[in-house]
Amino acid sequence: MAINTLAFAEKMTEELDRAVVQRSVTGFLADNALRSKFVGAQTVLVPEMEVSGLGKYDRDTGFVRGAITVGSKPYTLTMDRGRSFQLDSEDNDETGIAGLAGQVLGEFVRTRVVPEVDAYNLSKLGQFAVDQSQTVTGTPATQAYKMFMQAVGKVQNAVGYDEELVAFVDSTMWSAFQSSSEVTRQITLSDFRRGELSTQVRSINQVALLPVPDSRLKTKFTFKDGVTSQQEDGGFAPAEDAQNIGLLVMPKRAASLVKKTEKVRVFEPDRNPGADAWKLDYRLYYDLFVRNSMADSIYVYAYE
């Protein structure tokens with residue numbers, strides 16, 4: 001079946017990009033990167049602004065001059081990830097290459113890309129909070145609500161009470177919430193936006209609760225290169241010194257998920273020198289950065 005490979009690749013890239021944002025529990029952080037600007041291959045400029053506080057107004061001399069600092073802090077992207085797949089030319093008789101490639105890459109994004117993006121983002125946020133000693137402690141089985149409110153209180157004390165907050169929770173904390181009458185009677189549904197998709201999520205006092213599989217909630221991961229011995233399968237695995245993240249509370253706009261490249265390339269069998277097969281390349285080049293002005297507003301409960 002002949003297809004316009006360029007148009008197909010562009011459409012597939014657009015659909016997969018949307019899938020990463022909407023399926024990833026941390027995908028909404030990409031909404032915070034809209035004003036970022038790339039300079040060079042690895043560096044992105046993220047806008048930052050600082051202004052002076054109020055001073056005394058004098059009736060003779062008037063206003064005290066203040067300062068406005070508008071700039072962009074450079075950050076270097078570190079996560080350059082990709083995979084190449086081949087589909088034998090005879091495998092697309094029934095569904096066509098467009099349908100088969102869509103199934104393969106869709107499943108790849110759902111089962112491999114989305115979990116890895118979440119794992120990286122959450123580990124970076126969690127370890128950042130641990131390094132800054134922005135932590136809460138307690139026993140989830142009996143103190144889940146207290147720990148949650150303590151974390152929320154610390155975040156709100158840092159940024160005020162008008163910020164939209166999110167709380168990522170692991171299965172232990174989520175189960176504790178579900179089994180506590182003190183918590184369940186306060187859980188309501190609220191609107192939550194991820195990219196172009198608006199959904200409803202459970203929340204407490206307007207703080208969105210986002211349950212995350214335990215496999216994605218660690219402070220450190222090894223991201224396999226796909227080449228080294230015992231890393232051929234790619235993907236990610238917890239680092240030996242990783243802690244579990246039970247609860248992570250932060251303002252929704254405290255960090256930016258920046259993607260420079262999310263690209264699909266499609267090569268027809270006649271253009272594939274290695275095999276009589278369709279070749280599908282997928283690349284994702286991204287990173288997550290905490291905003292300087294909100295660095296003190298991310299709190300975590302981490303445990304062994």
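Two strands count as paired here if DSSP finds at least two bridges between them. Keep that in mind as you work through this predicted model.

**Exercise 1. Trace the sheet that holds β13, and find which residue of β13 is the bridge partner of Leu 257.**

Step 1. Start with the strand order. This open sheet has 3 strands, arranged β4-β13-β12, and the pairing is antiparallel.

Step 2. Look for the edges. β4 (79-88) and β12 (255-267) each pair on one side only, which makes them the edge strands. Neighbouring strands in this sheet are turned against each other by 15° on average, direction ignored.

Step 3. Go to the pair of interest. β12 and β13 (residues 277-290) run antiparallel and are joined by 12 bridges. Within this pair, Leu 257 has Leu 288 of β13 as its bridge partner.

Step 4. Add the helices. Helix α1 (residues 5-23) packs on the sheet, where it touches β12 and β13, and its direction makes about 150° with that of β12. Helix α2 (residues 96-131) lies across β4, β12 and β13, running at about 20° to β13.

**Exercise 2. Describe the largest pocket: which residues lie nearest its centre?**

Step 1. Begin with the volume, which is about 360 Å³.

Step 2. Now list the lining. It holds 20 residues, and Arg 81, Gly 82, Arg 83, Phe 108 and Gly 235 are the ones nearest the centre.

Step 3. Connect the pocket to the elements from the previous exercise. β4, α2 and β13 each supply at least two residues of the lining.

Step 4. Sort the lining by class. You should arrive at 8 nonpolar, 4 polar and 8 charged residues.

**Exercise 3. Work out the order of the sheet of 6 strands, and say which residue in β7 stands opposite Arg 194.**

Step 1. Read across the open sheet: β6-β7-β8-β5-β11-β14, with mixed pairing. Its edge strands are β6 (187-194) and β14 (299-303), each pairing on one side only. On average, neighbouring strands here are turned by 30° against each other, direction ignored.

Step 2. Check the β14 edge. Strand β11 (residues 244-251) runs antiparallel to β14, and 5 bridges join the two. Leu 248 has Val 300 in β14 as its bridge partner.

Step 3. Check the β6 edge. β6 and β7 pair in the antiparallel sense over 8 bridges. Arg 194 stands opposite Leu 197 in β7. The hairpin of these strands has 2 residues between them, and Gly 195 takes a positive phi near 60° there.

**Exercise 4. How do the axes of α3 and α4 cross, and which residues meet?**

Step 1. Find the axes. Those of helix α3 (residues 140-159) and helix α4 (residues 171-179) come within 8 Å and cross at roughly 90°.

Step 2. Turn the angle into a word. Crossing angles of 65 to 115 degrees count as roughly perpendicular, so α3 is roughly perpendicular to α4.

Step 3. Name the residues. From α3 come Pro 140, Ala 144, Tyr 145, Met 147 and Phe 148, and they meet Thr 172, Met 173, Ala 176 and Phe 177 of α4. By class, this contact has 8 nonpolar residues, 1 polar residue and no charged ones.

How values were computed:
Residues numbered from 1 in each chain as written. Predicted model: local features only at pLDDT ≥ 70, side-chain atom pairs only at ≥ 80, totals over all residues. Heavy atoms only, no water. Helix = DSSP H or I, 4+ residues; strand = E, 2+ residues; numbered from the N terminus. Axes fitted to C-alpha atoms, helices over the stretch in contact; angles between N-to-C directions. Contact = heavy atoms within 4.5 Å. Parallel < 35°, antiparallel > 145°, perpendicular 65-115°, else oblique. Nonpolar A, V, L, I, M, F, W, Y, C, P; charged D, E, K, R; others polar. 1 Å grid on protein atoms, 1.4 Å probe; cavity = no way out; pocket = protein on both sides within 12 Å on 5 of 7 lines; lining within 4 Å. Points joined across faces, edges and corners; volume = space filled by probe spheres on them.
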